[in-house]
Amino acid sequence: MNKDELKYLIALTFIPNIGPVLAKSLISYCGGISNIFGASKGKLEKVPGIGKILAEIIVNNKSFDRAEKELEFIDKNDIKAIGFFDNDYPQRYKKCDDSPILLYSKGIINLNIPKVISVVGTRKITSYGKDICSEFIMEIARTDALIVSGMAYGIDIYAHTQAVKNNLQTVGVLAHGLDRLYPSLHKPIANKMIENGGLLTEYPSGTNPDRENFVKRNRIIAGLADAVIIIEADEKSGSLITATFASNYNRDVFAFPGRI
């Protein structure tokens with residue numbers, strides 16, 4: 001994807017009320033990303049789910065300035081933008097309707113290696129949970145799997161730490177832009193992850209870690225993986241939301257619910 005195409009793709013993500021499903025419909029119907037912004041209002045109205053209001057917003061699009069600034073940001077900060085039609089887009093996730101049309105990554109990441117496992121769980125990790133997580137990742141290290149999690153307190157950051165310890169590639173999926181890290185306390189391990197794995201998000205710079213973003217983040221954690229491991233999760237936790245996404249995506253879901 002050249003720089004002009006990337007600018008159009010970034011601009012598309014900035015248009016309100018156009019999520020991944022509608023964005024893909026637009027690209028398909030118009031025959032390319034750049035064609036969306038050259039299409040007439042009448043043509044856009046015919047795209048399923050668009051209608052008059054969204055067509056008007058697209059025709060009067062004002063997101064190119066923001067897209068230019070985002071291009072400058074990713075160039076300056078050694079960030080890679082991965083478009084839905086790029087070869088290095090996670091192929092497992094392409095088959096999911098709500099997969100993002102654009103991902104931002106920082107580090108050395110291969111999202112298409114043979115084995116990808118997501119590990120999530122409680123934020124109130126117990127000593128037993130640590131032991132189970134540590135033992136599991138140590139065994140998994142024999143397979144050179146990629147370990148994915150969400151950089152949160154508890155199981156997430158412990159899984160990332162154990163992956164680094166066992167020289168496994170590990171990726172943290174974020175609920176905000178790459179201009180920050182939440183929680184900031186995890187920056188030291190994030191810096192180590194960038195050397196063998198890294199950070200991944202669908203959000204541009206300037207995006208805050210708002211509550212609703214974490215639910216959307218969880219679908220990416222599920223979609224990237226062959227299997228999702230849930231460790232000591234509470235009944236009403238984000239981990240079970242991740243498990244639901246994984247089940248809907250036909251991923252294998254396993255659990256260490258407590259002492260086994």
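**Close-up 1. Gln169 sits buried in a loop of this predicted model.** Gln169 has 12% relative accessibility, and because the cut-off for buried is under 20%, Gln169 counts as buried. Along the chain, Gln169 belongs to the loop that links helix H9 (155–165) with strand S5 (170–173). Its side chain reaches over to the backbone nitrogen of Asn110, at 2.8 Å. Setting aside residues up to four places away in sequence, the residues that Gln169 touches are Ile108, Ile109, Asn110, Ile113, Ala145, Leu146, Ile147, Asn196 and Gly197. So Asn110 turns up twice here because a polar contact, a pair of N or O atoms within 3.5 Å, also fits the 4.5 Å limit for touching.

**Close-up 2. Strand S3 is mostly covered.** Six of the six residues in S3 (residues 116–121) are buried. In a regular strand, side chains take turns between the two faces of the sheet. Here, Val116, Ser118 and Val120 point one way from S3, while Ile117, Val119 and Gly121 point the other way, and all are buried.

**Close-up 3. S3 pairs with S4 and with S7.** With strand S4 (residues 146–149), the pairing is parallel and runs over three bridges. Look for Ile117 of S3 standing opposite Ile147 in S4. To get from S3 to S4, the chain passes through helix H8 (residues 127–140), and this β-α-β crossover is right-handed. With strand S7 (residues 227–231), S3 also pairs in the parallel sense, this time over five bridges. Ile231 in S7 is the bridge partner of Gly121.

**Close-up 4. Leu12 is one of the best-connected residues in the largest nonpolar core.** In soluble globular proteins, nonpolar side chains tend to be buried together. This core has 67 residues, and Leu12, Ile18, Leu26, Ile36 and Met151 have the most contacts inside it. Not counting neighbours within four places in sequence, Leu12 is in contact with Ile18, Ala23, Leu26, Ile27, Ile36, Phe37 and Ile101. There's also a second, separate core of 18 residues, with Ile117, Ile132, Cys133 and Phe256 among them.

**Close-up 5. Two buried cysteines, Cys30 and Cys133.** Cys30 has a relative accessible area of 7%, so Cys30 is buried. Cys133 counts as buried because its relative accessibility is 0%. What about disulfides? With a sulfur-to-sulfur cut-off of 2.5 Å, the model has zero of them.

Definitions and conventions: Residues numbered from 1 in each chain as written. Predicted model: local features only at pLDDT ≥ 70, side-chain atom pairs only at ≥ 80, totals over all residues. Heavy atoms only, no water. Helix = DSSP H or I, 4+ residues; strand = E, 2+ residues; numbered from the N terminus. Buried < 20%, exposed > 50% of the residue type's maximum accessible area, 1.4 Å probe, protein only. Polar contact = N/O pair within 3.5 Å; in protein donor to acceptor, adjacent residues only side chain to side chain. Pairing = 2+ DSSP bridges. Right-handed = clockwise from strand over helix to strand, strands pointing away. Core = buried A, V, L, I, M, F, W, Y, C linked by side-chain atoms within 4.5 Å.
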